[in-house]
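Okay, thanks everyone for coming. I'll talk through one model today, so have the viewer open and follow along.

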There are 2 protein chains.
Amino acid sequence: MSKGSVKFESPVYICASASVVGKKESEGPLGDLFDRVEEDDLVGGKTWEEAEENLQKKAVEVLLDKAGVSPEDIDVMYAGDLLAQSMASNFGLSSFGIPFYGLYGACSTCGESLGLGSMAILAGLVKRVVCVTSSHFASAEKEFRYPLEYGNQRPLSASWTVTGSGAFLLSGEAASPRARITGLTIGQIVDSGIKDSMNMGACMAPAVASTLERHFRDFDVEPEAYDRIITGDLGKVGQQILFDLMQEKGYDITSQHMDCGIEIFDGEKQDTHAGGSGCGCCAVTLSAYILRQIESGLWKKVLFIPTGALLSKVSFNEGNTVPGIAQAVVIEQP
Amino acid sequence: MSKGSVKFESPVYICASASVVGKKESEGPLGDLFDRVEEDDLVGGKTWEEAEENLQKKAVEVLLDKAGVSPEDIDVMYAGDLLAQSMASNFGLSSFGIPFYGLYGACSTCGESLGLGSMAILAGLVKRVVCVTSSHFASAEKEFRYPLEYGNQRPLSASWTVTGSGAFLLSGEAASPRARITGLTIGQIVDSGIKDSMNMGACMAPAVASTLERHFRDFDVEPEAYDRIITGDLGKVGQQILFDLMQEKGYDITSQHMDCGIEIFDGEKQDTHAGGSGCGCCAVTLSAYILRQIESGLWKKVLFIPTGALLSKVSFNEGNTVPGIAQAVVIEQP
């Protein structure tokens, strides 16, 4: 196995999961599948940051409730979000008192958390791990782009940050697991020189292509090995670029590819342009939709690849590129 | 073993390490011990962010050079810094092409990276791991406080962000390791309600006390089990608070305690007030000083506890508290 790709010899199960989303997400194609819908954009908070903190907190509460465990039963938590200094996680999750590792992988963080959580279990060091990530449309616009009040126009290549948080309980033992994680291809930072923060699909597609090519080679598989190859939030523009890049590398993934950002909104009706994005996008889609498809037997094995665009408002304003990263996680029937 | 504390059954070695610091750090008490000194505050960059990116890049270059390995020999890299969206790591390390996990634990990130890197090795999934963290005085002031040009006054409780980056090579096998990591107590987020970003020692001390108390209980040891109990960047004010908090819990750690922030500068001569701080502070001190003391046999076993203050300029401006986190790593002679 080449560096960065690992196959798991022992079981790591996704025992339970939870999804909490905003109103707009509940009106999209997956709307009926989410565990909880917050009708209030501020999720009971006074600021957009507090809104996102509350999303993470509620996602973990729903998760623990669904799994029938208490915070004391959790050994360690891996969490992250898009805000500067990961404020949604640090403030949203402090009250649980669970040993904590904070992550930053932009919108790839859900994949990163599942990978790192799996490693802790495989090392035999912990029994139960919680992974949680989030994003919020308004906190992300404030963090990266313009104040909402400014009412800026959005090009068709722009994505719409999902308001939502997804949480997962991992364990090496489970009576009735939802799915099993069996391998990883860890992402590399890929900088293809693109600077357009209104076209993050284009920024991230080369990173996905890099991770996918390494994955196919390291695991010695073809795209057909998977019922779905699922990216986080490439959107429609990024998807097409990914198809082209993979074609150049000799792979046709058009039959297997699915993008959480494309699935979560009805782009035409909901005016979301290229699609949904954010740490929360693939997390709630994994919890509400992908795991259900695996449980129902419709999909036996998927490659889940959360994708991140590595920019800050400072790096953007200083004229830097937007590198991408893509963390691949093999998820299959238990 | 209680949740959050883990003892390692198999070896995890610190095989090599590197430290790169700025001019002021080279003039401090540990000045002669660092691998490389950057006389230019901008480290060859055009912005403060680029300066910090270059610090991380150089730290990894020095590490790989000292260890006699190439980027292709590294399976995965764990990295983080204090900037929004971890820009120093994401831009500074992209050229290595090493599979990458980004972390955010404020100034505790060095401990977090050593913990997560150890877990990957113990899981048997990877052979060689690089952990790297950094901070830069000017990029941190810009990120969290005032523009340098403003020339704000600093209270005596304020700390001085260290300009530096420390990098470590971990492996399960080593011909002549520098030290061995044998256990962790993973930090919890502790919010004691303090809001003063000019007194981060006070914000972080309760988190250290929490981690330390759990560590002593879970490992069933007393402070005397360690030659040194080494916090990251509590500074002089935070140190006194920690002593008081531990006294209340029934532990006297005054004989064993050392703080990297206090060691790295001569507070009187260098006008650094409470002491040094930042992700780079404990990382370069571990590399240049602590590991040397262990190698020389002066110290057999230390508890290394990088400490983080979880704030952003947004959380501060919105009137939030500054929670703390402290990640404990047991480091001993190989």
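Let's start with a single residue: in which strand of chain A is Ser135(A) found? It's in β5 of chain A. One caveat before I go on: this is a predicted model.

So, is Ser135(A) buried or exposed? It's buried, because 31 other C-beta atoms lie within 10 Å, and the cut-off for buried is 20 or more. Its contacts, leaving out residues up to four places away in sequence, include Asp81(A), Leu82(A) and Ala140(A). Thr161(A), Val162(A) and Gly164(A) are also among them, and then there's the run Gly278(A), Cys279(A), Gly280(A) and Cys281(A). For a distance to keep in your head, take Ile230(A): Ser135(A) and Ile230(A) are 95 residues apart in sequence, and their C-alphas are 19 Å apart in space.

Okay, zooming out to domains. The domain assignment of chain A gives domain 1 as 11-171 and domain 2 as 179-332. Their C-alpha centres sit 18 Å apart. How many residues are in contact across that boundary? On the domain 1 side of chain A it's 50, and they meet 54 from domain 2 of chain A.

Which elements of domain 1 supply at least two residues each to that side? In chain A, you've got the strands β1 (5-22), β5 (128-135), β6 (160-161) and β7 (164-171), plus the helices α1 (23-26), α4 (109-122) and α5 (137-144). β1(A) gives the most, with eight residues. By character, the domain 1 side splits into 23 nonpolar, 20 polar and seven charged residues.

Now the core. In soluble globular proteins, nonpolar side chains tend to be buried together. Here, the largest nonpolar core has 245 residues. The ones with the most contacts inside it are Leu63(A), Val130(A), Leu63(B) and Val130(B). Click on Leu63(A) and you'll see that it touches Val130(A). Beyond residues up to four places away in sequence, Leu63(A) also touches Ala16(A), Ser17(A), Ala18(A), Ala167(A) and Leu169(A).

Next, the two chains together. 47 residues of chain A are in contact with 47 of chain B. What gives two or more residues to the chain A side? That would be β3 (76-80), α3 (87-92), β4 (100-102), α4 and α11 (313-317) of chain A. The top contributor is α4(A), with five residues. So α4(A) turns up twice: on the side facing chain B, and on the side of domain 1 of chain A that touches domain 2 of chain A. The chain A side of the chain contact divides into 26 nonpolar, 15 polar and six charged residues.

How do the copies relate? You can lay chain A on chain B with an RMSD of 0.0 Å, using a turn of 180° and a shift of 0.0 Å along the axis. That's the relation of a two-fold axis. The same surface serves both copies, and 100% of the contact residues of chain A recur in chain B.

While we're on chain B, have a look at its α4, residues 109-122. It has 14 residues and reaches 20 Å from first C-alpha to last, close to the 20 Å expected at 1.5 Å a residue. Why call α4(B) largely enclosed by the rest of the structure? Because 14 of its 14 residues are buried. After α4(B) comes Gly124(B), with a positive phi near 75°.

That gets me to backbone oddities. Most residues other than glycine have a negative phi. Asp220(A) isn't a glycine, yet its phi is positive, about 55°. It lies in the loop between α6 (200-219) and β9 (228-231) of chain A, and Asp220(A) is exposed, with 8 other C-beta atoms within 10 Å. Over in chain B, Asp271(B) also has a positive phi of about 55°. Asp271(B) is in the loop between α9 (267-270) and β11 (276-277) of chain B, and is exposed too, with 11 other C-beta atoms within 10 Å.

Last stop, Tyr251(B), in the loop between α7 (235-248) and β10 (257-259) of chain B. It counts as partly exposed, with 18 C-beta neighbours inside 10 Å. Apart from neighbours within four places in sequence, Tyr251(B) contacts Phe216(B), Pro223(B) and Met246(B). Its C-alpha is 7.9 Å from that of Glu222(B), 29 residues apart along the chain.

That's my tour, over to you.

How values were computed. Residues are numbered from 1 along each chain as its sequence is written. Chains are lettered from A and ligands numbered from 1 in the order in which they are written. This is a predicted model: local features need pLDDT of at least 70, side-chain atom pairs count only at pLDDT 80 or more; totals for chains, interfaces and linings use all residues. Domain bounds come from an automatic or database domain assignment. Two residues are in contact if their C-beta atoms, placed from the backbone, lie within 7 Å. Helices (H or I, at least four residues) and strands (E, at least two) are DSSP runs, numbered from the N terminus. Ala, Val, Leu, Ile, Met, Phe, Trp, Tyr, Cys and Pro count as nonpolar, Asp, Glu, Lys and Arg as charged, and the others, Gly among them, as polar. The expected span of a helix is 1.5 Å times one less than its number of residues. A residue is buried if 20 or more other C-beta atoms lie within 10 Å of its own, exposed if 12 or fewer, and partly exposed in between; C-beta atoms are placed from the backbone. A nonpolar core is a set of buried Ala, Val, Leu, Ile, Met, Phe, Trp, Tyr and Cys residues joined through C-beta atoms within 7 Å. Copies are superposed by least squares on the C-alpha atoms of residues with pLDDT of at least 70 in both.
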